[in-house]
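Please open the model in your viewer and keep the sequence panel beside it, since this tour moves from one selection to the next.

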Amino acid sequence: MTFIKSLSFLILFVSLNAFCQKTVLTFENDEVSKRLTKESYTFSNTENNDLAILLIEDKKAFAYLFDKDFNQKSKLETKGLKNKYNEVVGYAVDNLNYRVLYANDKKDKFAVLNIDFGLGSMDISEFKMDFDGEIYLSTVNYNNQIFLFTAEDNLELSIWTFNNLSFNKAKTFTLDDLKDKSLLKKNYGVHVAFSNNIGKPFWLGTKVSGISKIDQRIPNAIEVTSSLGKLYQTKNKVYLTLENEEDKTYFYDIDIENYEIDLKIFDYPEGTIEPFKKFNSYIYEDKIYQIASSKQEMKLLINTLSGELVKSFYIDKEHPITFKNSPIIQEGVATPFISTRELEETQKYLRKISSGNLGITVIKTKNNYHTSMGGYKITKNPTPIPSNSSDPFNPFSTPTGTFVSYNPTYSAYNTYTKTKSTYFHSIFDLEFNHLKGEVEENIFDKIDALKKVKKYSTADYVFFHDNTLYYGYFDLKEGNYNLITF
């Protein structure tokens, strides 16, 4: 028995060290309880790389400020914060003042948690916004500021800047070239509830877009990338892609520093056996990946953003897939004690992905491109899209977690660990030649492996700070918060 324990410890030690993880910060907090109901968020000052950490339990909030070397600069706490909101949509930083922006479901009421490390105070203020009746799309953070995007039904895209307790419209673009004027309306639905009796969606009367926010630096699940509208950010550039599911991907290159916009249109792949039924795309580095499928066939096109074809891949139902590096995996199987299964036939794969939402995701690992191609289908009794709060009127209610839409890294991690899609993985070299070999664990797999070891962890959070990925958690047993880099 001693030998087995020693061997188990050795395997665990080797495994954890293989993850190249490093604990960069640990601090104690003996004022919170041993309950699991806690949350944590982080906010980076991009000017000096200071990091603010907000730890929340019920109506208690503890804010910590650290410099770029993780030396503590300040600590604040407050009690009795007002109840109301369930989503953190962004934050703004001005020296030692951090303003965390919360929103309600309808995105017409907002609250600002003002954390002033200079004055040593924390307070919350509320304000209303109707955005002139426009559709709320998303927010991004750049240079310690919040930029908010809305759209009108006549396809005018607007950029708003956050200023104190209001938003100011900075620029409006007319999307003249978008032929399908119902496209943005098709992306309504980020706040949809489902009836457990009939399994059909019903609307909550909320005019909010369901466009997905994508962080290209991490592996994204098919559930996220299968959205027909996606928003990416690289520094001052915001990419908005819209799929009309008939013939084209509309790619908008938006400069939020100079308020300029550029449109590129990419034609979809064409079917060989029959017209394709499903379409989607993914932007990674300087290329666009377009995927199309039917029950008969699937095609992948890789083009540069200037429109030059780089590579194409094709499969049909009669032949095995020659460029896959994993089995065809079906997640979310509704069978007792079984959550996944492997599909042998290409025909079954095509049938499943073409009956749902098609998607592809790409990431570079060790100078190779790893892709996942597949589809996501809403089940008969789907899990409701959550408000992520046990009390929808309490911004600090924690049992299921406040929705942190400003951080697509954390959202992608939560989705990735709860995937219900059908897909396979492929590995390509830098010229997109298929490579043989097994698919290695990605960074989210490694974080999950660590969580299994840390049995008393809560308030989990995954985020980038100074372009480095971190995993933060509170250890209930030790009573301390830990920050680990991978």
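**Start of helix H6**

Begin by selecting asparagine 442 and phenylalanine 444: in this predicted model, a side-chain oxygen of asparagine 442 comes to within 2.9 Å of the backbone nitrogen of phenylalanine 444, and this is at the start of H6.

Next, extend the selection to the whole of helix H6, residues 443–453, and colour its buried residues, which are Phe444, Ile447 and Leu450. Looking along the axis, you will find that these residues cover an arc of only 115 degrees around it, which puts them on the same side of H6. The general reason is that an α-helix has 3.6 residues a turn, so residues three or four places apart point the same way.

**A sheet of five strands**

Now move to the open sheet whose five strands follow the order S9-S8-S7-S6-S29, with mixed pairing. Its edge strands are S9, residues 121–128, and S29, residues 403–404, each of which pairs on one side only. To see how S29 is attached, select strand S6, residues 87–94, which runs parallel to S29 and is joined to it by two bridges; glutamate 87 stands opposite phenylalanine 403 of S29.

**The whole chain**

Finally, zoom out to the full chain, which holds six helices and 33 strands, and in which 54% of the 486 residues are buried. Among contacts between residues at least 6 apart in sequence, 51% join residues that are at least 24 apart. If you switch on a surface display, the chain exposes about 22,500 Å², with carbon and sulfur atoms supplying 48% of that area.

Note on methods
Residues are numbered from 1 along each chain as its sequence is written. This is a predicted model: local features need pLDDT of at least 70, side-chain atom pairs count only at pLDDT 80 or more; totals for chains, interfaces and linings use all residues. Side-chain values use heavy atoms; hydrogens and water are left out. Buried means under 20% relative accessible area, exposed over 50%, partly exposed in between (1.4 Å probe, protein chains only). Helices (H or I, at least four residues) and strands (E, at least two) are DSSP runs, numbered from the N terminus. The arc is that of the directions from the helix axis to the C-beta atoms. A polar contact is a pair of N or O atoms within 3.5 Å; within protein, one must be able to donate a hydrogen and the other to accept it, and residues adjacent in sequence count only if both atoms are side-chain atoms. Two strands pair if DSSP finds at least two bridges between them. Contact means heavy atoms within 4.5 Å. Accessible areas come from the Shrake-Rupley method with a 1.4 Å probe; for residues, only the protein chains shown count as cover.
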